[in-house]
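User: I am new to this structure and would like a close look at a single part. Please take me through one strand and its surroundings, step by step.

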Amino acid sequence: MTKNHYNVIVVGAGPAGSTAARYAAMNGASVLLLEKDSDIGIPVRCAEGVGAKGLLKIIDHIEPKWIAATIHGFRLVAPDGTPVQARWNDSGYVLHRKLFDYDLARMAADQGADILTKAYVFELIREQDTVKGVMVRYGNRDIKISADIVIAADGVESRVGRWAGLRTFTDMGDMESCVQATVGNLDIDQELCEFIFSNEQSPGGYIWVFPKGNRSANVGLGISGLYSKHKSASAYLKDFLSRRFPGKPILSYFCGAVPCDKTLKQITAPGFMIVGDAAHQANPISGGGIVSGMYAGMLAGKVAAEAIQEKDFSKRRLQAYENEWNKTIGKDHERFYRIKLFKDQYSDEKLNRLAHELVKIPLTELNLLRIFKIALKSNPKLIFDAIRIFSK
């Protein structure tokens, strides 16, 4: 059973939350990790793609059991069907998120963190402007648990963040409505991720086909929230599946939302930090948020443990997390967001012309930086953004 007080309480046991719990615990803090669902890692609401280089900055090694497919390249498909194929500069993976998330939580437990599932946080404890703990509904009991610091990792439109006084709202144009099916019995390249761009098939977003091993794939799409009132993301995906993979078995199906936005302006408050999708830390172009959320969790966990040692839980002290985020990945996400706004102006005709230009380039010379340079050539300022991102 839990204690009445912890140095750090983390709300949400996704990759960001479990990583925050692990780093806080391994640096000496007493930690409680709370998850509202009964099983960590379930349900999976994610395309499950990550880069190896980014992941290895946060964890020591990659377990083979986490890997559904190893990715060495990608294919971009224009509205008229023109394919543009290129290689990654780094290996990527499509994960088994159920196994991955479970092990991240186990790693936190191995460092001494307590974990409670089926624990629904329904209120923050606050004294004046400072967060002091949480109220948790566990079984048929409501439990008050105090803490020096609370870290919110409770996903899109974070309730916990709102209770702490942060503005977690996302404009409809920056909120992607997403749906994904895991499809079986497919004849696809299991080392290649496919991205399909078409304002007719996925307005304000894109379609993805990510191999999942054993002749299966995660097939999904996201559309801007501005378009979802006219036709749902689910309807767009069903149309695509009927054209591309007619009659193939659907092994799983889910809907969700991703904030493809800049990071929240404020991600700390007295006694409080917010990480992952809750803080809008997913890549604004791709919507990918596993590695960036884990990186934020690592930063927040370290800062929390340092603040515990210093007995300083003020916003000024916790701002070290916000500052470090903003000068590293956060700065890149600002650049990605500017590129995203430019990309959203592309018509299908312009996307087709871009693809026709790219297919002339030899595969050995084509990478993400080269693609962005050509796509952004009408806006030189954004080319410099792309260079800063991809030259690291």
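The request below concerns one strand, and the answer follows it outward.

User: Where does strand β4 stand in its sheet, and which strands pair with β4? Please add some of the wider setting too.

Analyst: A word on the source first. This is a predicted model.

Start with the whole. The protein has 11 helices and 16 strands. Its radius of gyration is 21 Å, close to the 21 Å that the globule rule gives for 392 residues, so the protein is as compact as a globular protein of that length. Along the principal axes, the C-alpha atoms fill a box of roughly 65 × 45 × 40 Å. Of the 392 residues, 54% count as buried.

Now the strand. β4 covers residues 67–77. Of its 11 residues, 8 are buried, so β4 is largely enclosed by the rest of the structure. Buried here means under 20% relative accessible area.

β4 belongs to an open sheet of 8 strands. The order is β3-β5-β4-β11-β12-β13-β10-β14. In that order, β4 stands between β5 and β11. The pairing in the sheet is mixed. At the edges are β3 (49–51) and β14 (250–259). Each of these two has a single partner strand, so one side of each is left without a neighbour in the sheet. Neighbouring strands are turned by 30 degrees against each other on average, direction ignored.

Strands of a sheet pair through backbone hydrogen bonds, either parallel or antiparallel. β4 shows both senses.

Take the β5 side. Strand β5 spans residues 83–95 and pairs with β4 in the antiparallel sense, over 9 bridges. I67 has L95 of β5 as its bridge partner. The two strands form a hairpin with 5 residues between them. In this hairpin, G81 takes a positive phi near 95 degrees.

Take the β11 side. Strand β11 spans residues 192–196 and pairs with β4 in the parallel sense, over 5 bridges. Here L76 stands opposite F195 of β11. F195 also leads one strand further: its bridge partner in β12 is W208. β11 and β12 (residues 206–213) run antiparallel, joined by 3 bridges.

Beyond β12 in the sheet order comes β13. The loop between β13 (216–224) and α5 (233–244) holds Y227. Y227 is partly exposed, with a relative accessible area of 38%. Together with M172 and L226, Y227 forms a nonpolar patch on the surface. The patch has about 300 Å² of accessible area.

Last, a look at charged pairs elsewhere in the chain. The count comes to 24 salt bridges. One of them joins the side chains of D385 and R338, at 3.0 Å from N to O. That pair links distant parts of the chain: D385 is in helix α11 (residues 380–390), R338 is in helix α8 (residues 329–343), and they are 47 residues apart. D385 is buried, at 5% relative accessible area, whereas R338 is partly exposed at 38%. D385 also forms a salt bridge with R388, with the closest N and O atoms 3.7 Å apart. R388 and D385 are 3 residues apart in helix α11, which means they are separated by about one helical turn. Salt bridges with shared partners join D332, R335, R338, D385 and R388 into one network.

In short, β4 is largely enclosed, with β5 antiparallel to it and β11 parallel to it.

Methods:
Residues are numbered from 1 along each chain as its sequence is written. This is a predicted model: local features need pLDDT of at least 70, side-chain atom pairs count only at pLDDT 80 or more; totals for chains, interfaces and linings use all residues. Side-chain values use heavy atoms; hydrogens and water are left out. Patches are made of residues with over 30% relative accessible area and no salt bridge: like charges are joined within 9 Å, nonpolar side chains (Val, Leu, Ile, Met, Phe, Trp, Tyr) within 5 Å. Accessible areas come from the Shrake-Rupley method with a 1.4 Å probe; for residues, only the protein chains shown count as cover. A salt bridge is a side-chain nitrogen of Lys or Arg within 4 Å of a carboxyl oxygen of Asp or Glu. Helices (H or I, at least four residues) and strands (E, at least two) are DSSP runs, numbered from the N terminus. Buried means under 20% relative accessible area, exposed over 50%, partly exposed in between (1.4 Å probe, protein chains only). Two strands pair if DSSP finds at least two bridges between them. Axes are lines fitted to C-alpha atoms, for helices over the stretch in contact, and angles run from 0 to 180 degrees between N-to-C directions. The radius of gyration is taken over C-alpha atoms; the globule rule is 2.2 Å times the number of residues to the power 0.38.
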